[in-house]
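Subject: Handover of a structure

Dear colleague,

Please find below the structure that I am passing on to you. My notes on what was found in it follow directly after.

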Amino acid sequence: MDQEGMQGTAGAVFVQTNEPRNAVIVYERAADGRLARGSTVATGGAGSDTPHLPSQGSVVLSGDGRFLLITNAASDDVSVFSVHGTEVTLVQTVAAGQAPRSIAERDGLVYVLATGKPGIAGFRLNDDGLIPIAGGEVSLSDASADPAQIGFTPDGSALVVTERGTDAIEIVPVAPDGMLGMGTVVPSSGPTPYGFAFTSDGRLVVTEAFRAEKGAAAASSYVFQDGALTPATASVGNGRSEICWAVISTDNRYAFTSNFADGAVSRYAIAADGSLTLEDPIAGSAVEGAAGLRDEDLSADGRHLYAIDADGGQIYGWSVGTGGALAPVGSWDGVPMTVAGLAAS
């Protein structure tokens, strides 16, 4: 895409190549949402070198925006970068369990989800990188969990892990000192729970890939309160296929989900009680009917949505308007088909 007329830099978009010599690709984001490719910096670790890495949360910005955390699925470690605008500098690469694929960070506490031997490893984040929390490692309740994503509850009192292999969601308490308690397993409302996102007041939206059944994709919602997860709306279908990733608008009113098998972004409305309604199954589209649309994130100001099209080797962008309406901003090529993870500032 012609970059003439690009406005001043407003933020950045980060993705990992997931190649044997893994690297992060940095894109400068203009105020109008358009991207310009910047630097490519090695992570010091190894990616899986395979397309379609299960990877919601494999590229994560810390809450204060000072650090970028990236999993290296093939070398069993996590890379920490310092971030200054669109410049990233490798600080550390640290062991983090077998085949790490997802990271959760809150106020300097970091937990990494390992998928080879399903478990969680805890760290504290400072200017020197990640420091392991003594005794901060736990195994998931079931060795066949096939976990997809880890994330904090809004109040920081627990971690949530979606488990595709057991059709379950596990809630793991987090003590103030970072120690983890015993997990509680909640049955998923629908099969193959995958990506998820929380509203700021504890409403949880979880995508359900329905074992890749064509046209069966759905999302469910839950309410997290007093350490417990309660179903609110079960398996609202969108008529699409292989829904996998989810983000929530900054006003807590909408969930945007990407459908891997057919190139669409769907929009769900989230009510105050946590109930979920499908508003538009094709709110945005990469290539209609073409597989490949994957990891997504909203810019920090909530004005732009970005998603990877791995099979097309592209990143797509949309502006977010009134009522959650999506309008195309552009697409940018040059990413490998192994690309995984996306974080936006």
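**Serine 58 and its surroundings**

Not counting residues up to four places away in sequence, serine 58 touches Gln16, Leu69, Ile70, Thr71, Arg101, Ser102, Ile103, Ala340 and Gly341. Please bear in mind that this is a predicted model. Serine 58 belongs to the loop that connects strand 3 (35-42) with strand 4 (59-61). Its relative accessibility is 0%, and serine 58 therefore counts as buried, the limit being under 20%.

**The sheet that contains strand 4**

Strand 4 is part of an open sheet of 4 strands, ordered 4-5-6-7 and paired antiparallel. The edges are taken by strand 4 and strand 7 (87-95); each has a single partner strand, so one side of each lacks a neighbour in the sheet. From one strand to the next, the twist averages 20°. Strand 4 and strand 5 (residues 67-72) run antiparallel and are joined by 3 bridges. Within this part of the sheet, leucine 61 stands opposite leucine 68 of strand 5.

**The sheet that contains strand 3**

Strand 3 belongs to another open sheet of 4 strands, with the order 3-2-1-28 and antiparallel pairing. Here strand 3 and strand 28 stand at the edges; as each has a single partner strand, one side of each is left without a neighbour in the sheet. On average, and with direction ignored, neighbouring strands of this sheet are turned by 20° against each other. Strand 1 (residues 9-16) runs antiparallel to strand 28, and 4 bridges join the two. Valine 13 has alanine 344 in strand 28 as its bridge partner.

As general background, strands of a sheet pair through backbone hydrogen bonds, in either a parallel or an antiparallel manner.

**The largest pocket**

The largest pocket holds about 1,300 Å³ of space. Its lining consists of 42 residues, and those that lie nearest its centre are Val60, Leu61, Glu105, Ala197 and Asp297. By type, the lining residues divide into 20 nonpolar, 16 polar and 6 charged. At least two lining residues come from each of strand 4, strand 8 (100-106), strand 12 (147-152), strand 16 (193-198), strand 20 (243-248), strand 24 (293-298) and strand 28 (340-344).

Which strand gives the most to this lining? It is strand 8, with 5 residues.

**Strand 8 and its hairpin**

Of the 7 residues of strand 8, 5 are buried, and the strand is therefore largely enclosed by the rest of the structure. Strand 8 pairs with strand 9 (residues 109-114) in the antiparallel sense, over 6 bridges. Serine 102, which is also among the contacts of serine 58, has leucine 113 in strand 9 as its bridge partner. The two strands form a hairpin with 2 residues between them, and aspartate 107 in the turn has a positive phi of about 50°.

**Glutamate 137**

Is glutamate 137 buried or exposed? With a relative accessible area of 62%, glutamate 137 is exposed, because the threshold for that class is over 50%. Glutamate 137 is found in strand 11 (residues 129-139). Leaving aside neighbours within four places in sequence, glutamate 137 is in contact with Ile120 and Ala121. Its C-alpha atom is separated by 9.8 Å from that of alanine 96, and the two residues are 41 residues apart along the chain.

With kind regards

Methods
Residues are numbered from 1 along each chain as its sequence is written. This is a predicted model: local features need pLDDT of at least 70, side-chain atom pairs count only at pLDDT 80 or more; totals for chains, interfaces and linings use all residues. Side-chain values use heavy atoms; hydrogens and water are left out. Buried means under 20% relative accessible area, exposed over 50%, partly exposed in between (1.4 Å probe, protein chains only). Contact means heavy atoms within 4.5 Å. Two strands pair if DSSP finds at least two bridges between them. Axes are lines fitted to C-alpha atoms, for helices over the stretch in contact, and angles run from 0 to 180 degrees between N-to-C directions. On a 1 Å grid over the protein atoms alone, a cavity is a set of points where a 1.4 Å probe fits but cannot get out, and a pocket is an open set with protein on both sides within 12 Å along at least five of seven lines; lining residues have an atom within 4 Å of a point. Grid points are joined across faces, edges and corners, and a volume is the space filled by probe spheres set on the points. Ala, Val, Leu, Ile, Met, Phe, Trp, Tyr, Cys and Pro count as nonpolar, Asp, Glu, Lys and Arg as charged, and the others, Gly among them, as polar.
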